[in-house]
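Me: Could you walk me through a few bits of this protein? I'm new to reading structures, so keep it relaxed.

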Amino acid sequence: MYSKNVKFSIIMATYNRAFCIQNAIDSLLNQTYQDFELIIVDDGSTDDTEKLIKEKYLDKLHNKKIIYKKLKQNKGVCKARNIGLKLAHNSWIGYLDSDNEMLPDFLETFKKSIIENPKNKIFYSQLQRTDGQVIGQPFNYENLQEANFIDLGVFVHNKSLIQKYGKFDTNLRRLVDWDLILRYTRKEKPVFIEKVLLKYSENNNYSRITNTESLQDAMLIIKKKRAKEEFLQSIFSVKNENMHKVITILDLKLKFKNKKLIQQEKQKYKINFKTFADLSGLIRKNMQKLPSDFDLIIGIPRSGIIPAYTIALFLNKNVCSLNEFINNLIPQKGERPIQESSNNKKKILIVDDSINTGSALKKAKEQLKNIDTSKYDIKYCCIFATNSSKNLVDYYFEIVEQPRIFQWNYLNHGLSKHWCFDMDGVLCVDPTEEQNDDGEKYIDFILNARPLYIPTYTIHSIVTSRLEKYRPQTEEWLKKHNVKYKNLYMLNLPSAQERRKRNCHADFKADIYKKLKDCTCFIESNHTQAIKITNLSKKPCICVETDEIFGG
């Protein structure tokens, strides 16, 4: 199922279109839906295209949505688009010619259709030519006729299709879009949107080539190419299938493990997980990086409090929270004598557990504006940083890139929108043996179970080996405790006795988790089940019982 956060990469191959490209770009920048990037591949233009784009969009607006690539020579639209595909960061790909214009709801409409059709990977809609004619109609590969060959409309597709069916054919100069879309629709079911979403401008030569010999020649080339591909695939083919490379020669199939795909899959679900032990050990190991003459260590609430107190204990310094410091509350010293400098200007170290975008640090600095900081020499420290954020602080101890989670925050983390959660032992306590009678006592337990870890974020899915027949009571409990979730998967067996007989708790959870391709982690209560879920799904699982990650 696709996330509601659909992101588009719009590719624009252009050549000497300075006189009209601005309208095309502005039509995209003025979309009602703004989660996109525009990749402009300038195919060796000799006019003012580069100057216009740099002055109006890149230099003046500092627009991070636009990526501009200038080619030294004109290589053709197919080559330019293939270069654009390499630069694309997002999952959904669309194409905008520099002499066409998107209607304002182009992206919004495609986004809605993508969410409503989670199994489909290609979407197309109607468009309008300069003569006022609306084209684009439902079709499939089997019944495609010459009469509607040019009437497919405008399309977007999932980037995964490029890997599966190939990029634009650089041998073609006409019908390049339709060559690509026909390859997709041989195996993929397209979704048709009966709505005009793109306008061809008067500069576009589409209407002028529709009845020419060159168009017929292009159609013939595509048909011959398709026939040749189909013949070759009938006697020999190489495909990627479930982490394997499958080679078919006539009727003989040879299957090999694809190490590259396996490694890519592992990286896809890679999570950097750090524990309290990691935190403490890292601080102890890196104490030599910090000067010993700090007068006060300050922790940014909440995640910075523990590392601040740990550093203060090692350095034997005063310590407090940022709020205490701002409100002039004297830090507690304990019984041990504290080392303090005699300098008039006190040296202060402000600590947080990690830094990514720097928003927490910025907020802390804003709070400090309310006090007279001229009396202090303030430095900043984060235990974990990324390569892009390490220069935002004076001291850091280790580079840990995203996605990263910590023992102290994983049960209530923003990434949980991509995670599966177990029920008993995670969201609520486990039932006792007496309560687990598959009867009245168990129903009473479900309705009144004590909450354990309730996330404030909307989690992707709850996957529990509770029986399906207890769904109404389970949903009532979740609603009562304001647990926000998208899906609830329960085991469809007649009785707890049958469940015990099959011993399928972990198998059921792993099967669901494996099928949810956009789920990147499973939060499981039981240690043994957590290991089995990881082994079966080949994806990470965190055990709440021991606070350790498997497969991360």
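Here come some short questions and answers about a sheet and a few helices.

Me: In what order do the strands of the open sheet of 6 strands run?

Reply: Keep in mind that this is a predicted model. The sheet is open and its pairing is mixed. Going across, the order is S22-S21-S20-S23-S24-S25.

Me: Which strands are the edge strands?

Reply: Look for strands that pair on one side only. Strand S22 covers 485–491 and strand S25 covers 548–550. The edge strands are S22 and S25.

Me: Which residue in S25 does Ile542 stand opposite?

Reply: Start with strand S24, residues 541–543, which pairs with S25 over 3 bridges. That pairing is in the antiparallel sense. Standing opposite Ile542 in S25 is Ile549.

Me: At about what angle to S21 does helix H17 run?

Reply: Helix H17, residues 505–515, lies across S20, S21, S22 and S23. Strand S21 spans 459–467. Relative to S21, H17 runs at about 155°.

Me: Is the crossing of H1 and H2 left-handed or right-handed?

Reply: Helix H1 is residues 21–29 and helix H2 is residues 49–59. Their axes come within 11 Å and cross at roughly 35°. The crossing is right-handed.

Me: How many residues of the contact of H1 with H2 are nonpolar?

Reply: From H1 we have Ile21, Gln22, Ile25, Asp26 and Leu29. They meet Thr49, Leu52, Ile53, Lys56 and Tyr57 in H2. Sorting them gives 2 polar and 2 charged residues, while the nonpolar count is 6.

Methods:
Residues numbered from 1 in each chain as written. Predicted model: local features only at pLDDT ≥ 70, side-chain atom pairs only at ≥ 80, totals over all residues. Heavy atoms only, no water. Pairing = 2+ DSSP bridges. Helix = DSSP H or I, 4+ residues; strand = E, 2+ residues; numbered from the N terminus. Contact = heavy atoms within 4.5 Å. Axes fitted to C-alpha atoms, helices over the stretch in contact; angles between N-to-C directions. Left-handed = near helix turned anticlockwise from the far one by under 90°. Nonpolar A, V, L, I, M, F, W, Y, C, P; charged D, E, K, R; others polar.
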